Amino acid sequence: MKNENIPSSPDFISLDEAAEMTKGTRITFIPGVQALYAEALKNICFVKNVPIIRALHPSMGVDKQTGEDRQARLYELTSQTGLPTMFHDGERPRNVWTEQLALAEKIGSPSSPALIPENFEHRVEMFGLCAVVLAEDGLLWNMRILSDGPLGRKYGYSDEASAAAPAKIAEVITLIDTRLIRQAERGSRYLVGDSLTAADIYWATMSMCVMATPPEIMPVTKRNKGMLELFAANSKMPGIAKVLSKRIEDHHRHILTTYCETPAVLGGDLV
Ligand SMILES: N[C@@H](CCC(=O)N[C@@H](CS)C(=O)NCC(=O)O)C(=O)O
């Protein structure tokens with residue numbers, strides 16, 4: 001779904017400006033990069049009709065000129081360094097997806113879809129599905145440790161953990177696929193119940209890490225080209241390719257193109 005109000009090169013305010021503001025919803029991003037937790041939160045806010053102000057998320061590592069940790073100020077402000085950080089009005093910053101989702105649900109437009117089901121059984125299903133995608137040892141967690149590097153190390157990379165990751169990723173994909181089969185039998189296109197929930201939005205966004213996503217959905221920028229290639233390569237890993245069904249792809253495309261902002265607005269320099 002295209003949003004005519006947002007230019008494809010949006011403005012980003014500084015982290016300090018975002019922290020100082022006392023009105024509005026500010027979320028940190030790296031321009032031109034589809035960091036998936038940030039993309040998912042952006043999509044959640046899009047569905048909930050929450051206008052967002054984009055702020056710059058400092059990159060990991062040390063500033064070459066000053067020798068200082070680039071994330072020192074972020075840590076000082078939020079006691080953590082994860083991307084995205086979400087500020088709303090004068091409230092404490094939120095850095096974990098469960099809290100970010102709860103906030104978006106609360107401040108969203110009353111006419112927007114309820115992403116957290118009222119029905120508690122459905123709620124259990126929704127949070128359970130989200131957890132195997134977003135939480136510790138879930139899809140994203142295991143994707144990050146496929147290769148050795150600063151991010152992989154932060155999430156417990158070891159040769160053994162990395163070797164076990166593709167099978168865990170495949171298990172999550174199969175779980176989602178099985179669920180889509182059961183839901184289709186009940187006449188539903190969604191992962192939980194009969195309507196859209198946060199599970200659809202989170203899954204459709206996070207599963208980009210095991211898909212070759214076309215530019216109509218995810219534009220190619222100078223900074224995300226390598227990441228897009230890496231995600232496409234993940235989709236071809238034998239254990240993963242085997243379980244990526246057409247059903248998975250159709251649901252992913254349907255949710256992104258119907259409910260989320262496509263093409264994604266990333267900022268940065270388009271290729
Ligand atoms: N903290 C978030 C997850 C966000 C996350 O893991 N972001 C990664 C990038 S994929 C990150 O910024 N990691 C570096 C850090 O936490 O310092 C949550 O649990 O909901």
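**Figure 1. Two domains, one chain.** In this predicted model, the C-alpha centres of domain 1 and domain 2 lie 22 Å apart. Where the two domains touch, domain 1 puts in 19 residues and domain 2 puts in 27 residues. As for the bounds, domain 1 runs over 15-107 and domain 2 over 120-258.

**Figure 2. The ligand in its pocket.** Zoom in on the ligand and you'll find it sitting in the largest pocket. Both domains have a hand in the surroundings: domain 1 (15-107) and domain 2 (120-258) each supply at least three residues to the shell.

**Figure 3. Who's who around the ligand.** Going along the chain, the ligand's neighbours are Y37, T81, G82, L83, N95, V96, W97, R144, L151, K154 and Y155. Sorted by character, the shell comes out as six nonpolar, three polar and two charged residues.

**Figure 4. Backbone contacts to ligand oxygen.** Here the view is on L83 and W97, two of the residues surrounding the ligand. At L83, a backbone N or O atom is 2.9 Å from an oxygen atom of the ligand. W97 also brings in its backbone, with an N or O atom 2.7 Å from a ligand oxygen.

**Figure 5. A side-chain contact, and how well the ligand is covered.** Which ligand atom does the polar side-chain atom of Y155 lie 2.8 Å from? That's a nitrogen atom of the ligand, with the Y155 contact coming from the side chain. As for cover, the ligand has 500 Å² of accessible area on its own, and the protein covers 81% of that.

Methods. Residues numbered from 1 in each chain as written. Predicted model: local features only at pLDDT ≥ 70, side-chain atom pairs only at ≥ 80, totals over all residues. Heavy atoms only, no water. Near = heavy atom within 4 Å. Polar contact = N/O pair within 3.5 Å; in protein donor to acceptor, adjacent residues only side chain to side chain. Areas by Shrake-Rupley, 256 points an atom, 1.4 Å probe, with all protein chains shown as cover. 1 Å grid on protein atoms, 1.4 Å probe; cavity = no way out; pocket = protein on both sides within 12 Å on 5 of 7 lines; lining within 4 Å. Sits in = over half its atoms within 2 Å of the grid points. Nonpolar A, V, L, I, M, F, W, Y, C, P; charged D, E, K, R; others polar. Domains from an automatic or database assignment. Contact = heavy atoms within 4.5 Å.
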